[in-house]
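User: Could you walk me through how to read the helix packing in a model like this one? I would like the general idea each time, and then the case at hand.

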Amino acid sequence: MRRRALWLFLLPLALAGEVAPGFARAAGPDLKDCLAEAMPAKQIACLAKAAITGGDPNLCLEAARPSVRWRCVALYADRAGEPSLCGILPESEGVPASVSRDYCHVQLAVTRRDPTLCDGLTTPNLADGCYLELVKTGGDRALCQRIANPDVRSVCAFDPEKFQ
């Protein structure tokens, strides 16, 4: 019975990603193994897990591809509840920092279903795509009114699935 009581105490902590007093945090994946991963989706998941377990979003910046970096940072920022972490993304391979940061915010907006994260994006057409993606994934169709491009706005209002 005592073992069951301990398990019931630890389960909510484990689900929340917390560590109970007196217990060590589990080690995350090795950074070298993450960077050696050939498939981008697996590399993103591995780097995000390493960053989250290590408490260091800068581990995401070790990835060679900008798209891997911003997705990793977005996952970390979502877990940390800090959209401002997208601001750590630098310019790289000709991709301006503002574009990487905007893509990070779009991913967060869709993951968190938060249209306020689409507001203020500076990359042309990305805010429109952000609102459209929210509507496509079940968001309020009133978000279509925030879309600047009239063609995208009209499709969004009537049939957002056409934009795949």
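Analyst: We will go from the overall fold to the helix pairs and then to single residues. Please keep in mind that this is a predicted model.

User: Let's start with the overview. How many helices and strands does the protein have?

Analyst: A good way in is to list the secondary structure elements in order. Here there are seven helices and zero strands, and from the N terminus the elements read α-α-α-α-α-α-α. Of the 164 residues, 34% are buried. The accessible surface comes to about 9800 Å², with 56% of that belonging to carbon and sulfur atoms.

User: And what share of the contacts joins residues at least 24 apart in sequence?

Analyst: The share is 40%, taken among contacts between residues at least 6 apart in sequence.

User: Now the helix pairs. At what angle do H3 and H4 pack?

Analyst: For any pair, look at the angle, the axis distance, the handedness and then the residues that meet. H3 and H4 pack at about 40°, and their axes are 9 Å apart. That angle makes H3 oblique to H4, and the crossing is right-handed. On the H3 side the contact involves Pro40, Gln43, Ile44, Leu47, Ala48, Ala51 and Ile52, which meet Val68, Arg71, Cys72, Leu75, Tyr76 and Arg79 in H4. By class, this contact has 10 nonpolar, one polar and two charged residues.

User: Why do the contact residues of a helix so often come at such spacings?

Analyst: An α-helix has 3.6 residues a turn, so residues three or four places apart point the same way.

User: Let me pick one residue from that contact. Is Ile52 of H3 buried or partly exposed?

Analyst: Compare the relative accessible area with the cut-off: buried means under 20%. Ile52 has 26%, so Ile52 counts as partly exposed. Beyond its neighbours within four places in sequence, Ile52 is in contact with Leu75, Tyr76 and Arg79. Ile52 and Arg79 are 27 residues apart in sequence, with 7.8 Å between their C-alpha atoms.

User: Moving along the chain, how do H4 and H5 cross?

Analyst: Their crossing is right-handed. H4 (residues 66-80) and H5 pack at about 45°, with axes 9 Å apart, which means that H4 is oblique to H5. From H4, the contact uses Pro66, Trp70, Arg71, Val73, Ala74, Leu75, Ala77 and Asp78, and from H5 it uses Ser100, Tyr103, Cys104, Gln107, Leu108, Thr111 and Arg112. These residues divide into nine nonpolar, three polar and three charged.

User: Ser100 and Leu108 are both on that list. What does Ser100 touch?

Analyst: Not counting residues up to four places away in sequence, Ser100 touches Pro66, Trp70, Leu89, Pro90 and Val95. Ser100 lies in H5 and is buried, because its relative accessibility is 4%.

User: And which residues is Leu108 in contact with?

Analyst: Leaving aside neighbours within four places in sequence, Leu108 is in contact with Ala74, Ala77, Asp78, Pro83, Cys86, Arg113 and Leu117. Leu108 is also in H5, which spans residues 97-112, and at 1% relative accessibility Leu108 counts as buried. Leu108 and Cys130 are 22 residues apart in sequence, and their C-alpha atoms are 9.9 Å apart.

User: That brings in the next helix. How are H5 and H6 oriented towards each other?

Analyst: The axes of H5 and H6 (residues 126-136) come within 9 Å and cross at roughly 15°. An angle under 35 degrees counts as roughly parallel, so H5 and H6 are roughly parallel to each other. H5 passes H6 in a right-handed crossing. In H5 the residues Asp102, Tyr103, Val106, Ala109 and Val110 meet Leu126, Cys130, Glu133 and Leu134 of H6. This contact has seven nonpolar, no polar and two charged residues.

User: Finally, how many residues of H6 are buried?

Analyst: To judge a whole helix, count its buried residues and then ask what covers them. In H6, nine of the 11 residues are buried, so H6 is largely enclosed by the rest of the structure. Among the buried ones are Leu126, Cys130, Tyr131 and Lys136. The cover includes H5 and H7 (150-158). Just after H6, Gly138 takes a positive phi of about 100°.

Key: Residues are numbered from 1 along each chain as its sequence is written. This is a predicted model: local features need pLDDT of at least 70, side-chain atom pairs count only at pLDDT 80 or more; totals for chains, interfaces and linings use all residues. Side-chain values use heavy atoms; hydrogens and water are left out. Helices (H or I, at least four residues) and strands (E, at least two) are DSSP runs, numbered from the N terminus. Buried means under 20% relative accessible area, exposed over 50%, partly exposed in between (1.4 Å probe, protein chains only). Contact means heavy atoms within 4.5 Å. Accessible areas come from the Shrake-Rupley method with a 1.4 Å probe; for residues, only the protein chains shown count as cover. Axes are lines fitted to C-alpha atoms, for helices over the stretch in contact, and angles run from 0 to 180 degrees between N-to-C directions. Angles under 35 degrees count as roughly parallel, over 145 as roughly antiparallel, 65 to 115 as roughly perpendicular and the rest as oblique. A crossing is left-handed if the near helix is turned anticlockwise from the far one by less than a right angle, and right-handed if clockwise. Ala, Val, Leu, Ile, Met, Phe, Trp, Tyr, Cys and Pro count as nonpolar, Asp, Glu, Lys and Arg as charged, and the others, Gly among them, as polar.
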